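Q: I have a structure open and want to talk it through. Can we start with one of the strands and go on from there?

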Amino acid sequence: MGELSADVLAAVAKRLESLSKQPYANLDELIRSTKFSKQEIRTMYRGFKQECPGGAVNEVTFKEIYEKFFPYGNATCYAHHVFKAFDVNCRGAITFRDLLVSLSTLLHGTQYEKLYWTFRVYDLNGDGIITKEELGNVVVGIYELMGVNILPPTGSLINLDYIPRRRDSLLNEEQNLFTPKVDLSISVRELRSHVESIFNRLDKNRDGMVTREEFILSCSQDPVIKKSLQNFQLKL
């Protein structure tokens, strides 16, 4: 994959933005704008209205969905980041159209479009770059989601902005025959090493920040990052 031009980035940005601006679902328009069939859209809409009769998913409901699939983890942080990526118009709620546009990109989009969308999950403040702290926050969210216990530092103090200061939800102790609890842990030093390793692979020019172009290029070319990203997309 060669160097990505600003014109290509702008074209994709314009397409994704135009797909997400209309707040109301119109079947014919959704068929034209997404890669779903009429039957697929109708089926998804019935399920959406059944789960969300009000016509939108708020963050609390979104987190509850994740908690059902990861009952032994803490879904608060990770669900928050993904929710913001789906809430493209920053309304504090995900409409059926928001959901369908993002799912169309993630399931049927090109590799470039998928990576373009995924960048939003890591760009927490929406300024067009990913910092090491932002990357660390998402990585911590993934560990918490999977029920990995982050052990406090021993010896010399390690200050990391992305180390969680508190837990917003506790591990679900309810018996689940299909998702057995696994005791996993990682030290703060291991966490820091993992985050720095990923960030250095993404930060091509070593300027301490990752642009969208760097993110897409690295994820397309680096086999380690590509594998990690595939695991991330499964969690979506």
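Q: Which side chains of strand S4 point to one face and are buried, and which point to the other?
A: In this predicted model, Val-148 and Ile-150 of S4 (residues 148-151) point to one face and are buried, while Asn-149 and Leu-151 point to the other face and are not buried. Buried means under 20% relative accessible area, exposed means over 50%, and partly exposed is in between, with a 1.4 Å probe and protein chains only. Strands are DSSP runs of E with at least two residues, helices are runs of H or I with at least four, and both are numbered from the N terminus.

Q: Why the alternation?
A: In a regular strand the side chains alternate between the two faces of the sheet.

Q: What does S4 join to, parallel or antiparallel?
A: Four bridges join S4 to strand S5 (residues 184-187), and the two run parallel. Strands pair if DSSP finds at least two bridges between them. The bridge partner of Leu-151 in S5 is Ser-187.

Q: Any ground rules on numbering and confidence?
A: Residues are numbered from 1 along each chain as its sequence is written, and side-chain values use heavy atoms, with hydrogens and water left out. As this is a predicted model, local features need pLDDT of at least 70 and side-chain atom pairs count only at pLDDT 80 or more, while totals for chains, interfaces and linings use all residues.

Q: Switching to rings. How many aromatic pairs are there in the whole structure?
A: Eleven. Rings of Phe, Tyr and Trp (its six-membered ring) pair if their centres lie within 6.5 Å; planes under 30 degrees apart count as stacked, over 60 as edge-to-face and the rest as tilted. One of the pairs is Phe-62 with Phe-86, tilted, at 5.9 Å centre to centre and 55° between the planes.

Q: What does that pair tie together?
A: Phe-62 lies in helix H4 (residues 59-69) and Phe-86 in helix H5 (residues 76-86), so the pair ties together parts that are 24 residues apart in sequence. Both Phe-62 and Phe-86 are buried. Ring pairs also link them into a cluster with Tyr-66, Phe-70, Tyr-78, Phe-83 and Trp-117.

Q: And what about Tyr-112 and Tyr-116?
A: Their ring centres are 6.4 Å apart and the planes are at 40°, so this pair is tilted. Tyr-112 and Tyr-116 are four residues apart in helix H7 (residues 111-122), about one helical turn. Both are buried.

Q: What sits over the ring of Tyr-116?
A: The charged end of Arg-212, 4.1 Å from the ring centre. The criterion is NZ of Lys or CZ of Arg within 6 Å of the ring centre and within 35 degrees of the ring normal.

Q: Is helix H10 mostly covered or mostly open?
A: Mostly covered: eight of the ten residues in H10 (residues 212-221) are buried. Among them are Arg-212 and Glu-214.

Q: How buried is Glu-214, and what does it touch?
A: Glu-214 has a relative accessible area of 8%. Leaving out residues up to four places away in sequence, Glu-214 touches Leu-202, Asp-203, Lys-204, Asn-205 and Met-209, where contact means heavy atoms within 4.5 Å. A polar atom of the Glu-214 side chain lies 3.2 Å from the backbone nitrogen of Asn-205.

Q: Last one: where is Ser-102, and is it buried or exposed?
A: Ser-102 is in helix H6 (residues 96-108). At 2% relative accessibility, Ser-102 counts as buried.

Terms used:
Polar contact = N/O pair within 3.5 Å; in protein donor to acceptor, adjacent residues only side chain to side chain.
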